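Subject: Structure handover

Hello,

Here is the structure I said I would pass on. Please have it open while you read the notes below it.

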Amino acid sequence: SAPTAVSVLSAALGAPTCQMAYGTDWQMHGAVTHPWFPGLRRFRRAPGQPWEEVITHIAAELATWLRQREA
């Protein structure tokens, strides 16, 4: 999801949540996971980086998560 209330509410309800963002977020304190919502994982796009690279990274992380869940 985009960094909106949807992704924050999803994480607050305990659902594993991927958040795609551009730029920094003071709430993250420089971390990849959210300090208040450990199920929220943020994927940041660097300046000039295509979104396709970010989405490919997210797809790989989701595939790993699914394999671990099935085991």
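**What was found**

Ala12 lies in helix α1, which covers residues 5–12. Please keep in mind that this is a predicted model. With a relative accessible area of 46%, Ala12 is partly exposed. Ala12 and Phe37 are 25 residues apart in sequence, and their C-alpha atoms are 6.1 Å apart in space.

**The overall layout**

The protein has two helices and two strands. Read from the N terminus, these elements follow the order α-β-β-α. Strand β1 takes in residues 17–22, strand β2 residues 40–45 and helix α2 residues 51–70.

How does the radius of gyration of the protein agree with that of a compact globule? For 71 residues, a compact globule would have a value near 11 Å; the protein has 12 Å, which agrees. The C-alpha trace spans about 35 × 25 × 20 Å along its principal axes.

Of the 71 residues, 20% count as buried. The protein exposes about 5,000 Å², and 63% of this area is supplied by carbon and sulfur atoms. Among the contacts with a separation of 6 or more, 27% are between residues 24 or more positions apart.

**The salt bridge**

How many salt bridges does the structure hold? The structure holds one. The side chains of Arg41 and Glu61 meet in it, with 3.0 Å from N to O. Arg41 lies in strand β2 and Glu61 in helix α2, so the pair ties together parts that are 20 residues apart in sequence. As general background, side chains of opposite charge can pair when their charged atoms come close.

Are the two partners buried or partly exposed? Arg41 counts as partly exposed, at 28% relative accessibility. Glu61 is also partly exposed, with a relative accessible area of 32%.

As for charges over the whole protein, there are 6 positive and 5 negative ones, and the mean positions of the two groups are 4 Å apart.

**The loops**

Two loop residues can be looked up next.

- Pro38 has its place in the loop between β1 and β2. At 69% relative accessibility, Pro38 counts as exposed. Pro38 and Thr17 are 21 residues apart in sequence, and 9.3 Å separates their C-alpha atoms in space.
- Gly48 is placed in the loop between β2 and α2. Its relative accessible area is 73%, so Gly48 is exposed. Along the chain, Gly48 and Cys18 are 30 residues apart, with 21 Å between their C-alpha atoms.

**Helix α2**

Leu66 is found in helix α2, the helix that also holds Glu61 of the salt bridge. Leu66 counts as partly exposed, at 44% relative accessibility. Between the C-alpha atoms of Leu66 and Gly39 there are 15 Å, and the two residues are 27 apart along the chain.

**Where to begin**

To find your way around, you could begin with Arg41 in strand β2 and go across to Glu61 in helix α2. After that, turn to Ala12 in helix α1 and look for Phe37, 6.1 Å away from C-alpha to C-alpha.

Regards

Note on methods. Residues numbered from 1 in each chain as written. Predicted model: local features only at pLDDT ≥ 70, side-chain atom pairs only at ≥ 80, totals over all residues. Heavy atoms only, no water. Salt bridge = Lys/Arg side-chain N within 4 Å of Asp/Glu carboxyl O. Helix = DSSP H or I, 4+ residues; strand = E, 2+ residues; numbered from the N terminus. Buried < 20%, exposed > 50% of the residue type's maximum accessible area, 1.4 Å probe, protein only. Rg over C-alpha atoms; globule rule 2.2 N^0.38 Å. Contact = heavy atoms within 4.5 Å. Areas by Shrake-Rupley, 256 points an atom, 1.4 Å probe, with all protein chains shown as cover. Lys, Arg positive; Asp, Glu negative; His and termini not counted. Charge placed at Lys NZ, Arg CZ, Asp CG, Glu CD.
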